[in-house]
Every structure is written in C-alpha cells, then in structure tokens.
Amino acid sequence: MYLRTNYQESILDVFGITLPQLNNIYSILGIVFVAGYIPSGFLSDKFSAKKLLSISLAGTALGGFWFAQVPHFSFVVVVFAIWGVFSVFTFWSAHLKLVKLLSTKEEEGRFFGILDGGRGVVEAVLASVALFIFSQILGGSVDLGDKRAALVAVIYMYSAVLAVVAVLVWFLVDEDSSKSGERAESERFRLADIPAVLKNKYLYVHGAIIFLGYAVFWTVYYIGGFLETNIKIDPVTVGTVTVIVLWMRPLGGVVGGILADKVGKTNTIMMALAGAAASLVAIAVLPATMAPSVFFAGAVVLGFFLYAIRGTYWSILGDDGFKVVVMGSAIGVISLIGYMPDILLPQFNSFLFDTFGDTGGYNAYFLSSAALALIGIVFALVYKAQHRAAARATAHEAPEALPVDAE
C-alpha cells in the first residue's frame, strides 16, 4: 500500500489519477486505520495472534491481486480500504503486543528497534527485487503500456509474497496459549478495564510523541516525488535512491534501538527528531541546481533518522505502566492518537501543493515537517519530566529501608 514511496509518478500515470486524488485515497486509508486501532487492541487481548496475523496477510494479498488489475479509481479506493482493515484491525496491536511481551524493560529499546529494523530488511530486499523487475521490464521506455506492465509485475510480486507468508504462518507457527480458556479469570481482558487505561497519565503524551514522530516519518513517502519533480531525476534512478533509503530502515531501527537501551529511550527519540529536522531543512533550502548527488546523500541521511524515529517511539511502551491484560487495548488507544497523520497529512499536503505549486509544495512540506520534529522534542522532554517527577514522588513516599540484619 506504500508503493508510492518508490513509484508515485508511475502510479499516477498508470492509474490515470492526480496527486490530490492519491492524497485523498491515503486520507481514506488513514480513516480506516484510525477506526481500527482501538478494536485491534480488543482483538489482540481476546484472540490468537497466529490467526490474526495469517488473516491479515491473506487479506492484504487479496487486495494486492485486485490492485494489480489496474481497476477504476473508485475500486482503487475500495482496495485501499481493504488494506486498511487487514493491516490494522486484525494485525496492528497483536504484533506490537507480542514484541512487548518478549522483552524485559531493559531490552525494550533493542527489541522494538530490531522489530522495525527486521521489517526494514524484508522491505528493502523486496524493494530491491521490485526495482530489478521494474527496470528490466521498463528499461529506458517512456511508453505508458511498458510502464503499466512494469508496475503490475511489481504489485503481483508483493502480493504473492504476502500470500505465501500467510500460509506459512498458519501452518508453521504455534498457537498462542496465552489466548486459551485456561487463563485465570483475573488475567482475562474485560471492558471494565478500559477506564484504567484512559486514566494513565503517560498515555496521551506517548500518543503525542508518536503523532509528531510519525508525521515527520511521513516525509519518506515524498522523497521519490521530490527527486523526480524538483531535481528532475529519471524514474529508475529515483527508484534506486529510494531503495537505498529503504536500506536505512534496518540500520536506523537497530542502531536507534541499541542507543535507546544505552543512553535512554527519550534521549534517542529526541536525537533522531533533531537529525531529521536538520536534514529536512537542508534538502528544502539547498538550490535545486546543485549536484544531484548532494540530494541523494541528503535523502539517505534523512532516511536513517526517520527510521530511527520509527524504530524507537514504541520502545517507551513499557514505561507507560500498563498491565499485560490491557496492553493491546492501550496500544490501540495510543495508536489512535499517534497515527492521526494518516488522515491529516494527505489533506495538508494537498493544501501545500495547491498553494505553492509542485516544486514549492515539496519544500513547504519538508520545512513544516522539520517544525513538527522540534515540537516532538518538546513532548519527549515532557514525557521525561513526568517520569522524573514520578520517581521523586515514589522516593519521597517510600519508607526507609531496614538494615540488612533487621530483616
């Protein structure tokens, strides 16, 4: 569903749609996402992760096979809505909760970093294969028919991989015993537990950190369009650069996760946000007449910081203090807040492009995102201050420790 990262201009040409229409599709996708986050939390607290993940992969694959038929715009909207259901409602909270349960508090940074970095390896490998397929079929042709054949082949490749993995998960992954009826009554999820989740003082600040970090991360989807529109780079070269950017995901995710456990989770989030802000400003203000290699390098550095943000902003989940029985529901609520950019940013970007034109729109968007990164740093500082205040209050209220020989 994020093929626009590498093939935005090709998608516009092949499907015969405009950039505002594509932005509208992503807003609809965002609405489906937001509607599914909280229910996904309930599902992950109630049902087997194995079944949820298999269904998610299979449903997304079926949507991909339909997308490969290059349907009319109205059906493209339906395809994206299907993807929204299967990539959030049945998937999202289940996979994050599993990672949280696998890690201790001291390991959360690297576990979530490796989660995103591992996804990045898969994404980058598949993107490399997709680029090979796309370039082999398209070559140097500018014919729309050749471009369509190349893009369709890429869509089929991704869809086939999803279908195969859905089958593998269904048959090779063990059932999650923690979802069985053998669980004690006190450990079972109840709707009555939800008010306690909503009263958690860290929930909303954590949601704001993800909101701003994810809003900044969204710029990764516009790197390809920026290079092709502003710097006048050909589609195959743009695809090559964006694939290199994708390879920053495992690097940024893993390095960010390790740093989070070494120097602090909020400190790492703030450093990544600051690096992304500086990179975005540089790309936006440098004259387009400079050597393309400068922008290629800037895109790769930006990609590293963006993926470091994405790889670490969930690592503070263990510091929020949620019980395991409501962990999935808490993830759903935080996601509802944090991923609102999926709805808001496409419309905001349409406004920027309508106001400043194609070239100016990209620059305005990157500068706006840099400002959001700075606001994200402020919220990370607030979260850190909350924990310091709580630690001081706990230390003040705790009774003095007894001497060892008095125990």
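**Why these labels? Burial, packing and cores**

Student: Lysine 232 is exposed, with a relative accessible area of 64%. Why is this value called exposed?

Tutor: Exposed means over 50% relative accessible area, buried means under 20%, and partly exposed lies in between (1.4 Å probe, protein chains only). The value for lysine 232 is 64%, so exposed is the label. Keep in mind that the model is predicted: local features need pLDDT of at least 70, side-chain atom pairs need 80 or more, and totals for chains, interfaces and linings use all residues. Numbering starts from 1 along each chain as its sequence is written, and side-chain values use heavy atoms, without hydrogens or water.

Student: Where is lysine 232 found?

Tutor: Lysine 232 is in the loop between helix H10 (223-229) and helix H11 (235-246). Helices are DSSP runs of H or I, at least four residues, numbered from the N terminus. Phi of lysine 232 is near 60°, a positive value in a residue other than glycine.

Student: What makes valine 70 buried or exposed?

Tutor: Its relative accessible area is 14%, under the 20% limit, so valine 70 is buried. Valine 70 also lies in a loop, between helix H3 (49-67) and helix H4 (73-89). Its phi is positive, about 50°, although valine 70 is not a glycine.

Student: Which residues does phenylalanine 15 touch, leaving aside neighbours within four places in sequence?

Tutor: Phenylalanine 15 is in contact with Phe67, Val70, Pro71, Val76 and Leu151. Contact means heavy atoms within 4.5 Å.

Student: What makes a set of residues a nonpolar core?

Tutor: The members are buried Ala, Val, Leu, Ile, Met, Phe, Trp, Tyr and Cys residues, joined through side-chain atoms within 4.5 Å. The largest such core has 107 residues. Tyr7, Phe15, Leu227, Tyr313 and Trp314 touch the most other members. Helix H16 (residues 341-397) gives the largest share, 12 residues. A second, separate core of 7 residues includes Leu43, Leu52, Ala94 and Val169.

Student: How do you know whether H6 and H12 are parallel or antiparallel?

Tutor: Take the angle. The axes of H6 (residues 108-138) and H12 (residues 248-263) cross at roughly 175° and come within 7 Å. Axes are lines fitted to C-alpha atoms over the stretch in contact, and angles run from 0 to 180 degrees between N-to-C directions. Under 35 degrees is roughly parallel, over 145 roughly antiparallel, 65 to 115 roughly perpendicular, and the rest oblique. H6 and H12 are therefore roughly antiparallel.

Student: How many residues of each class are in the contact of H6 with H12?

Tutor: There are 6 nonpolar, 6 polar and 7 charged residues. Ala, Val, Leu, Ile, Met, Phe, Trp, Tyr, Cys and Pro count as nonpolar; Asp, Glu, Lys and Arg count as charged; the others, Gly among them, are polar.

Student: Why is glycine 109 given its burial label?

Tutor: Its relative accessible area is 0%, so glycine 109 is buried. Glycine 109 sits in H6. Leaving aside neighbours within four places in sequence, glycine 109 is in contact with Gly257, Ala260, Asp261, Lys265 and Ser315. Glycine 109 and valine 254 are 145 residues apart in sequence but 8.9 Å apart C-alpha to C-alpha.

Student: What about glycine 118: what label follows from its accessibility?

Tutor: At 32%, between the two limits, glycine 118 counts as partly exposed. Glycine 118 and glycine 253 are 135 residues apart in sequence and 8.2 Å apart in space, C-alpha to C-alpha.

Student: And isoleucine 133, at 22%?

Tutor: That value is not under 20%, so isoleucine 133 is partly exposed. Isoleucine 133 lies in H6. Beyond four places in sequence, its contacts are Ala153, Val154 and Met157.

Student: Why is the packing of H2 and H15 named as it is?

Tutor: H2 and H15 (residues 327-338) pack at about 170°, with axes 7 Å apart. The angle is over 145, so H2 and H15 are roughly antiparallel. Among the residues that meet are Val34 and Phe42 in H2 and Met327 and Leu336 in H15. By class, this contact has 7 nonpolar, 6 polar and 1 charged residues.

Student: How do H2 and H5 cross?

Tutor: The axes of H2 (residues 19-46) and H5 (residues 92-102) cross at roughly 55° and come within 7 Å. That angle fits none of the other ranges, so H2 is oblique to H5.

Student: What handedness does this crossing have?

Tutor: H2 passes H5 in a right-handed crossing. Right-handed means the near helix is turned clockwise from the far one by less than a right angle; anticlockwise is left-handed. The contact is made by Tyr37, Ser40, Gly41, Ser44 and Asp45 of H2 with Trp92, Ser93, Ala94 and Lys97 of H5. These residues divide into 3 nonpolar, 4 polar and 2 charged.

Technical notes
Helix = DSSP H or I, 4+ residues; strand = E, 2+ residues; numbered from the N terminus.
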